[in-house]
Each structure stands twice: as C-alpha cells, then as structure tokens.
Amino acid sequence: MSEAPSYDAIILGAGAAGLMCAAVAGQGGRRVLLVDHTDQAGKKILISGGGRCNFTNIHTAPDRYLSANPHFAKSALGRYRPQDFLDLVEAYGIAWHEKTLGQLFCDGSAKQIVAMLLEECAKGGVELALGRPVGAVEHGDGLYRVAVGDQVVRAAALVIATGGPSIPKMGATGFAYDLARRFGLKVVEPRPALVPLTLGGNEILFRELSGVSAEVVAKASKTGFREAALFTHRGLSGPAILQISSYWRHGEPVAIDFLPDRAAGWLREAKRAKPRGTVRRVLGEALPERLAETLAERLGLEGELAAQTDRKLEEAERTLAGWRFHPNGTEGFAKAEVTIGGISTADLSSQTMEARRVPGLYAIGEAVDVTGWLGGYNFQWAWASGWAAGQAL
Ligand code: FDA
C-alpha cells in the first residue's frame, strides 16, 4: 500500500449526510475526501419518496425526532432549517411541491437532488472515492489513517456518515457502530423503524384483508398518528403503522381507532335511526366493505341492530375505537426505512457532532441516535447534522 496525500477531512459514506457535510466543508476551504463502498452516491436519496425524494418537512421540530436525548437534535435543526435546504433546491431550479402534512417532494426526480449535492461538492473541490471498500482505520499523532481501496489516506478529521443497517441490499451496513465502538463511543441498541409490523396467532386471519386500507388513528406507548393503515399479507403497514413502529416495543399491543371521527354513542344512535340495519352495513358506510365485514364478524354482532342491546353496542364502540393488535415482530432491517438508535448522542457535541473524548472524530446522519418521523424528517436531520459538522471541520 502506498501512503497518499493527506486531507483535512475524510468523510465515510456518500449518502445524504456525507454529501452535505462534504459540500459545506469543501466550500469552507477544507480539502475533503468523500468515500463510499458503493459505486453511486446518494443511493437512498434516489429511491426515496417513490423516486421523487421527500427531501424535507416544513413542520420540522425537535419533538418529531426520537432519541435517548430528545434535546440533542435542537441545535443542528435550529441552525439548518427546511427553508435553507429549500433555498438550495430553488437555486438549482428544481421544481417541488408540498404533498401532504408539510412533506416537500421534487416534481421531477430524486436524481435532481443527488446531482445538486454532487455539484455542491464539486464547487467545494471535494474528491470522491466511490466503489472503494473501507478497511482498517487507525488514529495516532493527531491523524486518522484509513485504508480506502488499495491506498491509505490521512486526515486530521474523520466523519462517520455511513448510515444505519436498514435495507442492506442498498449497501447499508452496521459499519458506523463498529467504528464508533472501536473509539470508545457507546451505541444505543439499533432497531428497525418506519417498518411494517407482522401479525401471527389468531390475528393471522386479518391477513385475508391484504390490500385493504383505511384512515385510522394508530397508537403505541401513548403516541398516536392519524394516517392510513394498510393490511398486508404479513400484517400491518401504511403510514400510520410505519410511524407507530418507531414507538412500538416487542410484546406491546398497537391500538387502532377505526372510526376516529365518531362521537361516543354513534352505534346506539344508528340503532334508533335504522333498527333494521346491521353493524356490518353501518360500518360499511365509513370503512371499506371487506374490513367492515371482518370487524362485524369479530365483534360477534351479526343480525339487525334492533336485536343488539345498548350495552353491547357501547362495548363494540369501545372495541372499534381501540382495537388491540398484538404484532409478533416487524419486517426487520430488510424493509425498515430507517434505523432507530445508533451512536449515542451522550458522546457527541450537539453543536459540531464531534466526539467529546475523541478529537477529530465526527458522526452525522442516521448513524447517530436521532430518528425522525416519516415524511422528510430524516433527510432534514441528515442535512442539518451534515451541515453542522461541515461548518466545524
Ligand atoms: P445513507 O444511508 O443515506 O448513506 C450512508 C452511505 O454510507 C451509503 O452511501 C452507503 O453506501 C455508505 N456505506 C455504508 N457502509 C459503508 C462502509 N462500510 N464503507 C463505505 N461506505 C459505506 N427519508 C426522508 O426524509 N424522506 C424520504 O422520502 C425517505 N424515503 C426513504 C425511502 C427508503 C426506501 C429508505 C430506505 C429510506 C428513506 N428515507 C427517507 C430515509 C433516508 O433515506 C435516510 O434517513 C437517509 O438516507 C440517511 O442519510 P445518511 O447519509 O445518514 O445515510
């Protein structure tokens, strides 16, 4: 191996956070090497948002992020805001639209976002090393020495931007955690998040509803999301379930309110108004037919409304407002949009993302124990943390 020229910073991982960090540091006059083991930068950006990249969310706020330290993300999110990224998007003439709930998407393609970030890197003179495996990382005499392909490169600063292990087939690895641990940083147990939940046992029958969706409120650990839930051949998915999966813990139930707009007493009122109606038909007015049929069957309320006691109808209302599912797991890292947990924020500066006790070592993006809701929040964290480190390098 030959000793290569040194850089001011080596950034490992040319994903969302690494690209932003490299561009900012490069434009700040730093000599930057941006390394990735895959041959394409920003692979997850390219597939995100169905190919249109939900690149930020205008409702970004620290309470939309999960972390062992809920305050950690405040500084970076406060200094690099959705509007800052939007200004960049507009400066490149990339057309965008708000889809729903503050989620901003490209009108055209996610490729535009990657091209924009690569152009920003080029402006900063960033050197790219794509398709190059990262080997041994050593630290001594104030320098990091990293084996990149068949070279050893050196820099005073090393940035871990290799993301989390969700979707390994895209090149995702747990490399960030191994490297962090080697330098004595703690790692909060990584778990798949924004991931479909699986059903088993008696609830397996709900799989027959595969493809059916409805707007519900899904709740786990007292947190609730009102969005669509989708039955799948393995269990439950859709935005409401993906959101709640970040809060769900094994062994806990997920409660679903199938009729969030109905006020207490609505079934009794339906009985007065349409005594000859059935629960199935009343449910069918608000829910997809197959779902209404399954729920009515499971409630054991067949036959005319007039034949049901008020007490039974009240009980049914309560059940429908908090239907308890007992997921037996998730679809795992193979299907998880993000990883919750990661490099402990306790070991990092919230201003610069530098490790408190390891000078020159930084961690940004999904590798860190900060995980956003569905809807552009995770990219905003990648941009903001990448920007904060890029400024500090
Ligand atoms: P990211 O994963 O982007 O980049 C890490 C980089 O490190 C990769 O290029 C990888 O190849 C590289 N790497 C890994 N191990 C390495 C190693 N050992 N050596 C060298 N390089 C290594 N978020 C959002 O806000 N809006 C959205 O629309 C979506 N949509 C979406 C769809 C899908 C299908 C997924 C899987 C995820 C999303 N996300 C999202 C989440 C978003 O993609 C994610 O939070 C960010 O990409 C995280 O950015 P990072 O740069 O931290 O990691």
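**View 1. The two domains of the predicted model.** In this predicted model, the domain assignment of the protein gives domain 1, made of residues 2–191 together with 340–392, and domain 2, made of residues 197–330. Taken over C-alpha atoms, the centres of domain 1 and domain 2 are separated by 40 Å.

**View 2. The contact between domain 1 and domain 2.** To this contact domain 1 gives 5 residues, while domain 2 gives 4 residues. On the side of domain 1 that touches domain 2, the residues divide into 4 nonpolar and 1 polar, with no charged residue among them.

**View 3. An open sheet of 3 strands.** The strands of this open sheet follow the order 3-6-5, and their pairing is antiparallel. Strand 3 (54–57) and strand 5 (96–98) stand at the edges, where each has a single partner strand, so one side of each is left without a neighbour in the sheet. From one strand to the next, the twist averages 25°.

**View 4. The pairing of strand 3 with strand 6.** Strands of a sheet pair through backbone hydrogen bonds, and the pairing can be either parallel or antiparallel. Here strand 3 and strand 6 (residues 103–106) run antiparallel and are joined by 3 bridges. Asparagine 54 has phenylalanine 105, in strand 6, as its bridge partner.

**View 5. A helix packed on the sheet.** Helix 4, which covers residues 82–91, packs on the sheet and touches strand 3, strand 5 and strand 6. The direction of helix 4 makes about 140° with the direction of strand 3.

Note on methods
Residues numbered from 1 in each chain as written. Predicted model: local features only at pLDDT ≥ 70, side-chain atom pairs only at ≥ 80, totals over all residues. Domains from an automatic or database assignment. Contact = placed C-beta atoms within 7 Å. Nonpolar A, V, L, I, M, F, W, Y, C, P; charged D, E, K, R; others polar. Pairing = 2+ DSSP bridges. Helix = DSSP H or I, 4+ residues; strand = E, 2+ residues; numbered from the N terminus. Axes fitted to C-alpha atoms, helices over the stretch in contact; angles between N-to-C directions.
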